[in-house]
Amino acid sequence: MKKTALFLLIILPLLTIGRPKKDNSMAHILKNKNLEIHIDLPLENYQFSRFDWTSKITSVKFKGIPVCTQEKIEGDVENIYGKGFYNEFGIEMPVGFDEIKEGEWFPKIGVGALKKEGAEYSFSKAYETEPADFKIMIDTNKLLIECVSQIVNGYSYVLKKEIELLENSFVVRYHLRNTGGKIISTNEYCHNFLAIDKELMGSNYILKFPFDIKPELFGATVNPEEKVELGQNEITFKNTPNEQFFFSNLSGSKNVDAHWELINTKSKIGISETGSFKTNKINLWGWKHVVSPELFFDINLKPDREIEWSRKYDIYEIDN
C-alpha cells in the first residue's frame, strides 16, 4: 500500500435513526492553492435518510471565496438538511418501495435500508434506518468511499464514489454494481446548493443552460413572486426572492447535454457542472440565499451488471 494512502474499514452497527444524532467530527479536507473542499465522512454529522452518505461535500471555496451554501438559511443544528454538493438516489423512484408492506424494508442507495412508513414515499420523512457498511480510502488529492449494502428484499449493490481534486476543479465519479437478484431502476442527481461569496440571489447572478428554455414544456412552475426570469437559455433574477421557487423538466424532457453554468458578475466568479451523460430531466429549486440546478442520471441496472458516470465541477474567474 502506498504511504500516501490510508485505508480504513468501518463496519457500521445497526441503528435506528429517529432524529439523527449530532456529531462534531472534523471534516476531511482536500486542498490546493485554488480550491478547498470539506467532506464529511459517512458517520460524521448528517445521518438522515435522504441524501447519499458517501459524498457529503459540505463546503467548497475558490481562492478563499465560498461557492456553495446550505438548504436552510438559518442553519442546520440537527444535521437533517442539505449542504454544499449533496447527492441523492431515488427522490421520486425509491427502489423497491411499492413492492413491500408497511413496516418492511427497502434500500436507499448510499444510505442503507429504510423501513416503509405510509403508502407514499416522501424524501423529507425521517425513515427508520439500518445503515450500510462503508469503506474509506484517503489519498493526497482523492477520497474514495465504498458503500456495501445489505440484502433487502432481493436487492443489494456496491456503490463506489471517488472525489478527486484538480487544479481548478473537482470530479465526483460513481461506480454502481448490482449484486442482488432484481433490477435496480431509479435515478440520481446532485442538489448543488449554490451561492457565490454568500451573496443572496439577485441581479448579479446568471444561470446558463446549453438548450433553449421553453416554459410551456415544464413539468411544474412555482414562481410566486415572479422574481425568477426565464430567458432563451439562461435564468436571472429581478430581485431577491423571499419565497421558494421550483421548475421541473427544464429541457421539456428532451435529451440534452448535462451541463449548467452559474456566474456572479459582482464577484466575477463562475462555477459549472458537466456530467458524463445526457439527461432528460433537469430541475431547478431555490430560495433567497440559494439556487440549485439538478441534473438527473437514469439508472436501469440488471443483476450482476455495473455502471459508471461522473460529475465535474469547474470553478473560475470571469473577464466580464
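Helices and strands are DSSP runs, a strand having at least two residues, and they are numbered from the N terminus. The exercises below concern a predicted model.

**Exercise 1. Locate Asn-249 and Asp-304, and determine whether each is buried or exposed.**

Solution.
Step 1. Begin with the backbone. Most residues other than glycine have a negative phi. Asn-249, although not a glycine, has a positive phi of about 55°. Asp-304 is not a glycine either, and its phi is positive at about 65°.
Step 2. Place each residue. Asn-249 belongs to the loop between β19 (245-248) and β20 (256-264). Asp-304 belongs to the loop between β24 (297-301) and β25 (306-317).
Step 3. Apply the cut-offs: buried means under 20% relative accessible area, and exposed means over 50%. Asn-249 counts as buried because its relative accessibility is 18%. Asp-304 counts as exposed because its relative accessibility is 54%.

**Exercise 2. Establish how many disulfides the structure holds, and explain why Cys-147 is not bonded to Cys-190.**

Solution.
Step 1. A disulfide requires two cysteine sulfur atoms within 2.5 Å. Searching the whole structure gives 0 disulfides.
Step 2. Consider Cys-147. The closest cysteine sulfur to its own is that of Cys-190, and the distance of 17 Å is too far for a bond.
Step 3. Consider Cys-190 in turn. Its nearest cysteine sulfur is that of Cys-68, 9.9 Å away, and Cys-190 is in no disulfide.
Step 4. Add the surroundings. Cys-147 counts as buried because its relative accessibility is 0%. Cys-190 counts as buried because the corresponding value is 4%.

**Exercise 3. Describe the largest pocket by its volume and its lining.**

Solution.
Step 1. State the volume: the largest pocket has about 320 Å³.
Step 2. Identify the residues around its centre. The lining consists of 16 residues, of which Arg-50, Ile-91, Phe-123, His-191 and Trp-285 are the closest to the centre.
Step 3. Sort the lining by class: it has 8 nonpolar, 3 polar and 5 charged residues.

**Exercise 4. Describe the second largest pocket in the same manner, naming residues of its lining.**

Solution.
Step 1. The volume of the second largest pocket is about 160 Å³.
Step 2. Its lining includes Ala-27, Asp-40, Asn-45, Thr-58 and Cys-68. Also among the lining residues are Thr-69, Gln-70, Asn-79, Lys-83 and Gly-84.
Step 3. By class, this lining has 2 nonpolar, 6 polar and 2 charged residues. Gly-84 is placed with the polar residues because glycine is counted in that class.

Methods:
Residues numbered from 1 in each chain as written. Predicted model: local features only at pLDDT ≥ 70, side-chain atom pairs only at ≥ 80, totals over all residues. Heavy atoms only, no water. Helix = DSSP H or I, 4+ residues; strand = E, 2+ residues; numbered from the N terminus. Buried < 20%, exposed > 50% of the residue type's maximum accessible area, 1.4 Å probe, protein only. 1 Å grid on protein atoms, 1.4 Å probe; cavity = no way out; pocket = protein on both sides within 12 Å on 5 of 7 lines; lining within 4 Å. Points joined across faces, edges and corners; volume = space filled by probe spheres on them.
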